[in-house]
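Let's take a walk through a protein together. Have the structure open in one window and keep this text beside it.

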Amino acid sequence: MIRKWSSKYDKAIGKQVRQWRKDRAMSQQEVSNRCMLEFGYYISQHVISNRETGASAISALDFVVLASVLGVDPAKALQDLQSVLE
């Protein structure tokens, strides 16, 4: 039951991250590079792909870094996601 719930959130969050990235016309590699340049935090292109598809769970830190790199307030993003998933 918990895994099913978690998977639902992983996919919704990944879909949102992908949309933010596409809205900014950035590649996954560009996002990866900016994570390192702006935060000193390495998230590979492969990991970003897995996060966007919901193939793997996104950690809180990855979410905050990705949202920040993409110019999105992480707290507001979580509120928006909550309303979508209710």
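What follows starts with the whole chain and then stops at a few places along it.

One thing to keep in mind before we set off: this is a predicted model. So what is the chain built from? The protein has 5 helices and 0 strands, and if you read from the N terminus, the elements go α-α-α-α-α. Of its 86 residues, 41% count as buried. You can also ask how far along the chain the contacts reach. Take the contacts between residues at least 6 apart in sequence: 54% of them join residues at least 24 apart.

Our first stop is the loop between helix H1 (2-23) and helix H2 (28-39), where you'll find Ala-25. Have a look at its backbone: phi of Ala-25 is near 55°, which is a positive value in a residue other than glycine. Is Ala-25 buried or exposed? Its relative accessible area is 67%, and anything over 50% counts as exposed, so Ala-25 is exposed.

Now move on to helix H3, which covers residues 45-53. Which of its residues are buried? Ile-48, Arg-51 and Glu-52 are buried there. These residues sit on the same side of H3, because they cover an arc of only 95° around the axis. Go just past the end of H3 and you meet Gly-54, with a positive phi of about 80°.

Next, look at how H2 and H3 sit against each other. Their axes come within 8 Å and cross at roughly 115°. Angles from 65 to 115 degrees count as roughly perpendicular, so that is the word for how H2 lies to H3. The crossing of the two helices is right-handed. Which residues meet there? On the H2 side they are Gln-28, Gln-29, Val-31 and Ser-32, and on the H3 side Gln-45, Ile-48, Ser-49 and Glu-52. Sorted by type, the residues of this contact are 2 nonpolar, 5 polar and 1 charged. You have met two of these names already: Ile-48 and Glu-52 are among the buried residues of H3.

The last stop is Ser-68, in helix H4 (residues 60-69). With 26% relative accessibility, Ser-68 falls between the 20% and 50% cut-offs, so it counts as partly exposed. Leaving out residues up to four places away in sequence, Ser-68 touches Phe-39 and Pro-74. Try finding Glu-38 as well: Ser-68 and Glu-38 are 30 residues apart in sequence, while their C-alpha atoms are 9.3 Å apart in space.

Conventions:
Residues numbered from 1 in each chain as written. Predicted model: local features only at pLDDT ≥ 70, side-chain atom pairs only at ≥ 80, totals over all residues. Heavy atoms only, no water. Helix = DSSP H or I, 4+ residues; strand = E, 2+ residues; numbered from the N terminus. Buried < 20%, exposed > 50% of the residue type's maximum accessible area, 1.4 Å probe, protein only. Contact = heavy atoms within 4.5 Å. Arc of directions from axis to C-beta. Axes fitted to C-alpha atoms, helices over the stretch in contact; angles between N-to-C directions. Parallel < 35°, antiparallel > 145°, perpendicular 65-115°, else oblique. Left-handed = near helix turned anticlockwise from the far one by under 90°. Nonpolar A, V, L, I, M, F, W, Y, C, P; charged D, E, K, R; others polar.
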